[in-house]
Amino acid sequence: MSETTHAKYTRNQPYLSKVLTNQRLTGPESEKETIHVELELEEGMTYTPGDAVGIIPTNREEQVESVLKALGFSGTERVLDHYKVEISLHEALTTRLGIGKLARGSVNQYAKLCGETVPEGLKGLLGPENKALAEEYVWGREFLDLVTEFPGVVKQPQELFNVLQRLTPRMYSIASSQTAHPNEVHTTVRVIKYHAHNLDRQGVASGHLGERAPVGSTMPIFLHENHAFRLPEDTSAPVIMIGPGTGIAPFRAFLEERQATAQKGDNWLFFGEQRSVSDYLYKEQFLRMHADGLLTNLHTAFSRDQGKKVYVQDRMQENAAELYAWLERGAYFYVCGDASRMAKDVELALLDVIAKGSNGTLEHANEYLAAMKKAKRYQRDVY
Ligand SMILES: Cc1cc2nc3c(=O)[nH]c(=O)nc-3n(C[C@H](O)[C@H](O)[C@H](O)COP(=O)(O)OP(=O)(O)OC[C@H]3O[C@@H](n4cnc5c(N)ncnc54)[C@H](O)[C@@H]3O)c2cc1C
Ligand SMILES: NC(=O)c1ccc[n+]([C@@H]2O[C@H](COP(=O)([O-])OP(=O)(O)OC[C@H]3O[C@@H](n4cnc5c(N)ncnc54)[C@H](OP(=O)(O)O)[C@@H]3O)[C@@H](O)[C@H]2O)c1
């Protein structure tokens, strides 16, 4: 497939896409709400598996109303946005300003508005010496919490542009192949919902997609190229894909692409989630691909199906000899999903697999992996 077309639509000039499908993938018993969203594309908008789609969210109306009430404004006040365009304060709080998760910088800017009379509680969150306390304070809190706890600080609506960060787009790995679905882009989104400091909270973009993006509604989007995450140019090269949780998304795209274009290379997928009964994302599709022979190997790790946690890297270890044989055959190795722990642990497991397979040292395994990286045979898309 051709590379993504020259971006006609960007984060500043997004395409207003129609929501074609919005389905929950996880079962009712699941601890997570992970959804599959299909969005319509205009003729000529193209992407390549490995790319991402940018979603431009809006803040929830209830949240905007709560902030207005706490600030003592009506919402009809006029303000200038980041481009000096005059809009209502209500519009600014809905589409321009990040009133969700609180940033430490916002706490500092808020305190500056107090001048000489910074409340004691707020003082204790300022300066480099109180960084840890401030980090603890902002965790699980939103702008509303700050205004409620320290009221009467914002005198002019325009001041909010100095306090709050911009409401930014969120990226989602593309979960579809355009060869299989012309004029559509699919995503796999975990809807972030949590309870903190006595309130139910949700992620801005994933909450928008999860609760306020029914079929037929519109969503501003743009396509985002990622040249660092691509199927091998040699269509007969084997690929190994490690995609726990929403990390599965680009591998659905890879597999659909390889299927739709009849690529000959072998495919091996490792998927992990909490429970097989409720969290096996795209189960039927992957089982069918396995039965059809597109997926040579399919390994799952359901961490909470048994007493002891089992992760994708355990499955890699259990299949170490075959995995190493694939690498020796020139396989490409891909990882997508959680950057904080999973990607590091998978890399350690991979080094171990290489060391065992080659009867070599860890030093040799590191060299082997470095050579794979250089040949673009080790690619990661982690967040
Ligand atoms: C290249 C790339 C690809 C990505 N692909 C995907 C994908 O395919 N699918 C996907 O779902 N996501 C993906 N993401 C993540 C996605 O972009 C968003 O970051 C994610 O959906 C959260 O955005 P949000 O607006 O819903 O949440 P936000 O409003 O940004 O809120 C998230 C924040 O809430 C806070 N928070 C979350 N949970 C808790 C808690 N329990 N307690 C207290 N605070 C908490 C944390 O500060 C967290 O950073 C990707 C990210 C990148 C960079
Ligand atoms: N920036 C954000 O706001 C944001 C938003 C959404 C997602 N994310 C990232 O995307 C990741 C994907 O989220 P997700 O809920 O779809 O899946 P996930 O949290 O990655 O969970 C998927 C599976 O991976 C397991 N796992 C936990 N730790 C692991 C490790 N060290 N190595 C291998 N597997 C491990 C989990 O098991 P257990 O849970 O049973 O331990 C679960 O079975 C998140 O972890 C998060 O980092 C970030």
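This is a short dialogue on how to read the overall build and the aromatic pairs of a predicted model.

Colleague: Let's start with the whole protein. How many helices and strands are there in the protein?

Modeller: Keep in mind that we are looking at a predicted model. The protein has 15 helices and 15 strands. Its radius of gyration is 24 Å, close to the 21 Å that the globule rule gives for 383 residues, so the protein is as compact as a globular protein of that length. If you like box dimensions, the C-alpha trace spans about 70 × 50 × 40 Å along its principal axes.

Colleague: And what share of the residues count as buried?

Modeller: Of the 383 residues, 53% count as buried. As for the outside, the protein exposes about 18,100 Å², with 51% of that supplied by carbon and sulfur atoms.

Colleague: What do the contacts tell me about residues at least 24 apart in sequence?

Modeller: Take the contacts between residues at least 6 apart in sequence: 74% of them join residues at least 24 apart.

Colleague: Now the charges. How far apart are the mean positions of the positive and negative charges?

Modeller: There are 43 positive and 50 negative charges, and their mean positions are 2 Å apart.

Colleague: I would love to understand aromatic rings too. How is a pair of aromatic rings described?

Modeller: Two quantities describe such a pair: the distance of the centres and the angle of the planes. In this structure there are 16 aromatic pairs. One of them is Tyr110 with Phe143, an edge-to-face pair with 6.1 Å centre to centre and 85° between the planes. Planes over 60 degrees apart count as edge-to-face.

Colleague: Which helices hold Tyr110 and Phe143?

Modeller: Tyr110 lies in helix H3 (residues 104-112) and Phe143 in helix H6 (residues 143-149), so this pair ties together parts that are 33 residues apart in sequence. Tyr110 is buried, at a relative accessible area of 0%, and Phe143 is buried at 0% relative accessibility.

Colleague: What about Phe333 and Tyr378: what kind of aromatic pair do they form?

Modeller: Theirs is a tilted pair, 6.0 Å centre to centre with 45° between the planes. Phe333 sits in strand E14 (residues 332-337) and Tyr378 in strand E15 (residues 378-382), so the pair ties together parts that are 45 residues apart in sequence. Phe333 is buried with a relative accessible area of 0%, and Tyr378 counts as buried at 7%.

Colleague: Which residues form one aromatic cluster?

Modeller: Look for Phe229, Phe251, Phe254, Tyr332 and Tyr334, which form one aromatic cluster.

How values were computed. Residues are numbered from 1 along each chain as its sequence is written. Chains are lettered from A and ligands numbered from 1 in the order in which they are written. This is a predicted model: local features need pLDDT of at least 70, side-chain atom pairs count only at pLDDT 80 or more; totals for chains, interfaces and linings use all residues. Side-chain values use heavy atoms; hydrogens and water are left out. Helices (H or I, at least four residues) and strands (E, at least two) are DSSP runs, numbered from the N terminus. The radius of gyration is taken over C-alpha atoms; the globule rule is 2.2 Å times the number of residues to the power 0.38. Buried means under 20% relative accessible area, exposed over 50%, partly exposed in between (1.4 Å probe, protein chains only). Contact means heavy atoms within 4.5 Å. Accessible areas come from the Shrake-Rupley method with a 1.4 Å probe; for residues, only the protein chains shown count as cover. Lys and Arg count as positive and Asp and Glu as negative; His and the chain ends are not counted. The place of a charge is taken as NZ of Lys, CZ of Arg, CG of Asp or CD of Glu. Rings of Phe, Tyr and Trp (its six-membered ring) pair if their centres lie within 6.5 Å; planes under 30 degrees apart count as stacked, over 60 as edge-to-face and the rest as tilted.
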